[in-house]
Amino acid sequence: MSERVYIFDTTLRDGEQSPGATMNLDEKIRMARQLETLGVDIIEAGFPIASQGDFESVRAIANAVGDVQVAGLCRSVVKDIDRCWEAVKVAKNPRIHTFLATSPIHMEHKLGKTPEQVLVMADAAVRHAAQYTTNVEFSAEDASRSDWDFLVKVTETAISAGATTINIPDTVGYTQPHEFHELIKYLMDNVSNVDKAVISVHCHNDLGLAVANTLAAIRAGARQAEVTVSGIGERAGNAALEEVVMAMNTRKDQYPYETGINTHELFPSCRRLSQIIGQPIPPYKAIVGPNAFAHESGVHQDGVIKNRLTYEIMTPESIGRAGNEIVIGKHSGSHAIRKKVEQLGYSLDDAQLGVLFNAVKELADKKEQVFDEDVEALILEKVFRRRDKFRLADMSVFSGAGEVPPHAAMVLEFGEPGVDADVRTVSEFGEGCVDAVFKSIYSLVGVTPRLVRYSVNAVTEGSDALAGVAVRIEHDGVSAVGRANDADVVKASALAMVNALNRMEKAKEER
Ligand code: KIV
Ligand code: ZN
């Protein structure tokens with residue numbers, strides 16, 4: 001048996017700190033379930049002391065998943081650790097992850113503490129956490145800019161106090177692969193009780209080296225990698241889970257280690273995250289980007305046709321990328337619908353699947369192709385009975401190059417469809433058609449959110465292509481993503497905004 005490298009996923013904590021990547025409770029739970037399917041060993045679910053919302057979502061995730069370990073982050077102070085334990089203790093396998101800065105600049109300017117005081121704090125924090133559980137992780141924040149011998153002392157102290165994982169973060173993305181390798185090796189060689197803990201690394205991507213540093217550390221003896229799906233995270237992000245795992249899988253000669261990851265779930269995981277946060281996977285993204293397996297040059301195409309291995313070091317199938325997209329139509333059977341529900345991150349029992357199956361068939365009779373958004377809307381409406389508060393009933397848009405500014409007339413239907421529906425109409429000018437449409441919708445709904453992101457992608461090819469629009473909005477401390485596909489970009493934009501505003505209403509009600 002080869003040695004195991006544990007995969008610690010922090011998409012829901014460090015990843016969520018990425019601008020525009022905030023997720024609501026439902027979305028976090030769907031992502032956590034996907035991470036469990038992917039086979040990560042530990043899910044870092046959040047920072048429970050940060051807010052009541054963070055606390056609730058860590059607890060909800062801890063409740064929602066099975067055997068996977070669930071970690072909560074906390075500073076090295078008693079009240080943080082207590083709060084963290086309150087949130088994670090409902091998990092089958094809870095972990096307390098406590099951190100304290102160890103670099104001269106952080107100790108002096110952030111903490112106002114001497115190295116001796118930091119040692120005392122680390123010892124006390126880990127001892128306090130260890131009263132609750134034996135699964136305690138200690139992180140030496142800004143470790144890569146810390147004095148190596150001081151780091152040895154901190155690591156020994158934390159292990160003696162009961163930490164079973166010691167994390168060495170490159171908090172500011174400063175270190176270089178050869179240097180980080182030496183640091184980890186130094187710790188492996190000089191920490192007297194290093195055999196009593198797993199050494200972990202957590203690398204940020206400020207210089208584009210997060211994955212390289214993580215891999216260098218694994219070669220030096222680290223056996224836990226802290227990563228995020230698609231590498232999302234603070235500033236330039238964290239080490240990308242799919243890159244670290246596929247580097248280890250593709251180069252077993254360099255990394256003769258096992259992980260618990262089912263690589264076929266890598267692409268579905270990145271796609272799930274992208275759908276949830278409303279950010280498309282960038283075209284050039286390694287492993288999972290739309291272009292990652294596209295061979296454009298004639299020489300490459302010729303080589304790949306003769307033998308794929310001439311230009312492909314791994315296959316799209318191995319990361320779950322080919323033949324995985326289930327298209328729902330009127331001939332889809334219950335098996336396909338069950339799979340689609342799983343892909344969307346919902347778990348329904350047989351009775352609920354029956355209700356959904358009938359609803360999908362009914363819709364497919366009227367509509368040639370049923371999109372993911374349609375299935376999701378049916379799950380919420382027919383299974384969970386959460387009907388949208390308002391729907392797009394009609395719209396007309398004027399766009400010109402002359403004197404008259406672009407304007408839109410929008411008709412929204414509120415309440416129960418049919419006789420009781422309240423139909424409201426408004427018309428607004430805008431800088432362009434989409435602006436006029438959004439202003440009209442805001443005026444009808446009575447909310448003007450901040451538009452954090454608006455993206456349009458061609459889902460199919462040609463000028464009649466389906467446009468996939470994603471919007472992310474924020475209002476009153478709540479954010480929501482809305483998505484829609486339509487052959488008309490402006491209509492897709494209107495539908496996506498209506499979708500986002502409905503989700504925001506639901507999130508506010510939940511709050
Ligand atoms: O980057 C960092 O140092 C962190 C720690 C809290 C682990 O995120
Ligand atoms: Zn971090």
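## A predicted model, from a serine contact to the zinc site

The side chain of serine 269 comes within 2.5 Å of the backbone oxygen of glutamate 265. Serine 269 belongs to helix H10, which covers residues 266–277. With a relative accessible area of 1%, serine 269 is buried. Please keep in mind while reading that this is a predicted model.

### The zinc ion and ligand 1

Which protein atoms hold the zinc ion (ligand 2)? The donors are Asp14 through OD, His202 through NE2 and His204 through NE2, and they lie 2.0 to 2.1 Å from the zinc ion. Along the chain, these donors follow the spacing D-x187-H-x1-H. Histidine 202 and histidine 204 are both buried.

Ligand 1 brings us back to some of these names. The residues around ligand 1 are Arg13, Asp14, His97, Phe99, Ser139, Glu141, Asn167, Pro169, Thr171, His202 and His204. Asp14, His202 and His204 are thus found both among the zinc donors and in the shell around ligand 1. Strand E4, strand E5 (136–141) and strand E6 (165–170) each supply at least two residues of that shell.

Polar side-chain atoms also meet oxygen atoms of ligand 1, and the table lists three such distances.

| Side chain | Partner | Distance |
|---|---|---|
| Arginine 13 | oxygen atom of ligand 1 | 2.9 Å |
| Aspartate 14 | oxygen atom of ligand 1 | 3.1 Å |
| Histidine 204 | oxygen atom of ligand 1 | 3.0 Å |

How much of ligand 1 does the protein bury? Taken alone, ligand 1 exposes 260 Å², and the protein buries 93% of that.

### Aromatic rings

A pair of aromatic rings is described by the distance of the centres and the angle of the planes. The structure holds seven aromatic pairs. In one of them, the ring centres of phenylalanine 47 and phenylalanine 99 are 6.2 Å apart and the planes meet at 65°, so this pair is edge-to-face. The pair links distant parts of the chain, 52 residues apart: phenylalanine 47 sits in the loop between strand E2 (42–46) and helix H2 (52–64), while phenylalanine 99 sits in strand E4 (residues 93–101). Both phenylalanine 47 and phenylalanine 99 are buried. Phenylalanine 99 is also one of the residues around ligand 1.

Tyrosine 346 and phenylalanine 384 make a tilted aromatic pair, with 6.4 Å from centre to centre and 40° between the planes. Tyrosine 346 is in the loop between helix H12 (334–344) and helix H13 (350–366), and phenylalanine 384 is in the loop between helix H14 (372–383) and strand E9 (390–398), so the pair ties together parts that are 38 residues apart in sequence. Are its two members buried or partly exposed? Tyrosine 346 counts as buried because its relative accessibility is 13%, under the 20% limit. Phenylalanine 384, at 33% relative accessibility, counts as partly exposed.

Elsewhere, Phe438, Tyr442 and Tyr454 form one aromatic cluster. Two arginines lie over ring faces as well. Arginine 83 is over the face of phenylalanine 55, at 3.7 Å from the ring centre. Arginine 223 is over the face of tyrosine 257, at 4.2 Å from the ring centre.

### Buried residues in two strands

Strand E4 also holds threonine 98. At 0% relative accessibility, threonine 98 counts as buried. The side chain of threonine 98 makes a polar contact with the side chain of serine 76, at 3.1 Å.

In strand E2 we find isoleucine 42. Isoleucine 42 is buried too, with a relative accessible area of 0%. How far apart are isoleucine 42 and tyrosine 6 in space and in sequence? Their C-alpha atoms are 7.9 Å apart, and the two residues are 36 residues apart in sequence.

### Two positive phi angles

Which loops hold the residues serine 230 and aspartate 476? Serine 230 is in the loop between strand E8 (224–227) and helix H9 (241–250). Although serine 230 is not a glycine, it has a positive phi of about 60°. Aspartate 476 is in the loop between strand E13 (467–475) and strand E14 (478–486). Aspartate 476 has a positive phi of about 55°, and it is not a glycine either. With a relative accessible area of 52%, aspartate 476 is exposed.

Key. Residues numbered from 1 in each chain as written. Chains lettered and ligands numbered in written order. Predicted model: local features only at pLDDT ≥ 70, side-chain atom pairs only at ≥ 80, totals over all residues. Heavy atoms only, no water. Donors = N, O, S within 2.8 Å, 3.2 Å for Na, K, Ca; no water. Buried < 20%, exposed > 50% of the residue type's maximum accessible area, 1.4 Å probe, protein only. Phe/Tyr/Trp six-rings, centres within 6.5 Å; stacked < 30°, edge-to-face > 60°. Helix = DSSP H or I, 4+ residues; strand = E, 2+ residues; numbered from the N terminus. Lys NZ or Arg CZ within 6 Å of the ring centre and 35° of its normal. Near = heavy atom within 4 Å. Polar contact = N/O pair within 3.5 Å; in protein donor to acceptor, adjacent residues only side chain to side chain. Areas by Shrake-Rupley, 256 points an atom, 1.4 Å probe, with all protein chains shown as cover.
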